[in-house]
Amino acid sequence: MTGPGTTQAAARRDGVPAASRPAARREYGLGLVLGAAGAGVVLLSARQGWARVATPAPAPLPASVVSVSGQDLVPLAGALALAALASLAAVIATRRLARRLAGLLMAAFGVVIAVSVSLPLAASDVRGAARVTAVSQAGSATAGGASGVSPGAVPGGGVAPGITAVGHVTMTAALWRPAAVAGALIIVAAGLLVAWRGARWPVMSSRYEQPEQAGRRPAADSAALWDALSSGTDPSLPARGSAPREPPGGAGQPGPD
């Protein structure tokens, strides 16, 4: 039997009226999708080539061309995109104030990504990233190769042959760099949505809670059970007056007049 307290608790759970729950679920899904999509766009853009360094070589040797990715130029962007994905897990697992704080943190990650990607890149920065890329590629090629060549070293000496101060730098991120900025702005939008409306969204515990269980008080039931055991009463037996007593003659036999 459900009383008015149970009905009221079922109609308004976690501070959200029953009539607004479908809208809250849609907002919840939208926030998660936006955050995941924005982080995915940033990670995809960071893995693409953003610049190319070409250094001429004496004939008949070919020119040295090294492609530099966005991750090499702005490593902070990829790291914060992964942090934004992790904050989505916090949004799912938390509620109320903690969820709002997770949304603000996600928005802050997006702002830092947008700023770091939008900063101008100097040619010296691109050449430095190209040298690191060339050393990494040479180390991968020589690892386990000929004896006498240690991993990470470049055969023939030198740190990164072909990458010099006269190398010609060409920016090739005409599409991927703006895409990274757009992904960062999507992360900001998702974080602000969580901070604004996240307190009204469903939580993990209430998804599996039945409406008739909302008004129950497990702590009070446990206390009553222990009180009954302390007084020597078997709580599994029906309460006095709740069931008719059997006649003295036993079940199915009439009692005395």
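This report describes three residues, R99, W176 and S45, in a predicted model.

**Location and exposure**

Each residue is listed below with its helix and relative accessible area.

| Residue | Helix | Relative accessible area |
|---|---|---|
| R99 | α5 (residues 96–118) | 0%, buried |
| S45 | α2 (residues 21–46) | 1%, buried |
| W176 | α7 (residues 176–197) | 28%, partly exposed |

The labels follow from cut-offs. R99 counts as buried because its relative accessible area of 0% is under 20%. S45 is also buried, because its value of 1% is under 20%. W176 is partly exposed because its 28% falls between 20% and 50%.

**R99 and its surroundings**

The side chain of R99 has a polar atom that lies 3.0 Å from the backbone oxygen of V91. V91 is also among the residues that R99 touches, once those up to four places away in sequence are set aside. Others in this set are Y28, I92, T94, V194, G198, A199, W201, P202 and V203.

**W176 and S45**

Which residues does W176 contact, leaving aside its neighbours within four places in sequence? They are L44, S45, Q48 and W50. For one of these, L44, the C-alpha to C-alpha distance to W176 is 8.4 Å, while 132 residues separate the two in sequence.

S45 is in contact with W176 and also with W50, A179 and A180, again leaving aside neighbours within four places in sequence. W50 therefore appears in the contact set of W176 and in that of S45, where contact means heavy atoms within 4.5 Å.

Conventions
Residues numbered from 1 in each chain as written. Predicted model: local features only at pLDDT ≥ 70, side-chain atom pairs only at ≥ 80, totals over all residues. Heavy atoms only, no water. Helix = DSSP H or I, 4+ residues; strand = E, 2+ residues; numbered from the N terminus. Buried < 20%, exposed > 50% of the residue type's maximum accessible area, 1.4 Å probe, protein only. Polar contact = N/O pair within 3.5 Å; in protein donor to acceptor, adjacent residues only side chain to side chain.
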